[in-house]
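Thanks, everyone, for making the time. I would like to talk through one structure with you today, starting with its interior and then moving on to how some of its strands are arranged.

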Amino acid sequence: MRMIIPLLLWFNSLNAQVLTTEDCATWKLKYTSGSYKMYMRECANSPIKEVKIIDLFSADLNHLAKVVSAVETTKKITPTCAEARLIKPIDENNSFQYFRYSMPMGIKDRDLVCKVTTSLTDSCYTFISETVDKTDLVSLRTDAIRIKNAHTSIIFKKNSFGLIEMEYVAFANPNGSIPAWIINLIARKQVHSSIVKLKKMIQE
């Protein structure tokens, strides 16, 4: 059972912001592999945990930004992403996007409409995705449950060693009857494979 929300798929910050160093005391390290580190923490009023990923990329920042910004990237790195499309641009750095994720037999698909905001400078690229209630843009489907609470914040920064540091903070509540422990387990196991695929895409 797999489900990842863009960028792989997941998670919110209930306060919808990239967390600062002061917040890190609450994070618990759950998995590490080389430069990759996954942290999780409890969220207020939710059994679903928030996730933070720290990792290093060896890549050109402009190329990385182009790959991450592409709507189809989510589908390429997420096995369950059945549909990924641009709904409409708002301006140069903002757009509305739609994603649908296929679920195992007996469980309804999940979909979401999100507002994506990006920003690129010489040393930093930021990607923010936040769900919005926009049924006027994409009507509710009878075969899918609309995700209403999801947020992803990703910051890529050049460091002094010529590498790019990534901080990824995310949360998502898929609604419906999927137990929270399954969602938390999926987050731990699936996000890592998606980051590995993203690295391979960037290096191609």
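The largest cavity has a volume of about 50 Å³, and I should say straight away that we are looking at a predicted model. A search of the whole structure finds one cavity of 30 Å³ or more. Ten residues line the largest cavity, and those closest to its centre are Val68, Ala70, Val71, Thr74 and Phe127. If we ask which elements give two or more residues to that lining, they are helix 1, residues 61-69, helix 2, residues 72-77, and strand 5. By class, the lining is made up of six nonpolar and four polar residues, with no charged residues.

Strand 5 brings me to the strands themselves. Strand 5, which covers residues 94-101, pairs with strand 6, residues 109-120, in the antiparallel sense, and eight bridges hold that pairing; within it, Phe96 stands opposite Lys115 of strand 6.

Which strand does strand 6 meet through a hairpin? That is strand 7, and the hairpin that joins them passes through three residues. Strand 6 and strand 7, the latter spanning residues 124-131, are again antiparallel, here over seven bridges, and one position to look at on your screens is Ser119, which stands opposite Thr126 in strand 7.

Strand 6 also has a parallel partner, namely strand 8, residues 144-146, to which three bridges join it. In that pairing, the bridge partner of Arg110 is Ile145 in strand 8.

Technical notes:
Residues are numbered from 1 along each chain as its sequence is written. This is a predicted model: local features need pLDDT of at least 70, side-chain atom pairs count only at pLDDT 80 or more; totals for chains, interfaces and linings use all residues. Side-chain values use heavy atoms; hydrogens and water are left out. Two strands pair if DSSP finds at least two bridges between them. Helices (H or I, at least four residues) and strands (E, at least two) are DSSP runs, numbered from the N terminus. On a 1 Å grid over the protein atoms alone, a cavity is a set of points where a 1.4 Å probe fits but cannot get out, and a pocket is an open set with protein on both sides within 12 Å along at least five of seven lines; lining residues have an atom within 4 Å of a point. Grid points are joined across faces, edges and corners, and a volume is the space filled by probe spheres set on the points. Ala, Val, Leu, Ile, Met, Phe, Trp, Tyr, Cys and Pro count as nonpolar, Asp, Glu, Lys and Arg as charged, and the others, Gly among them, as polar.
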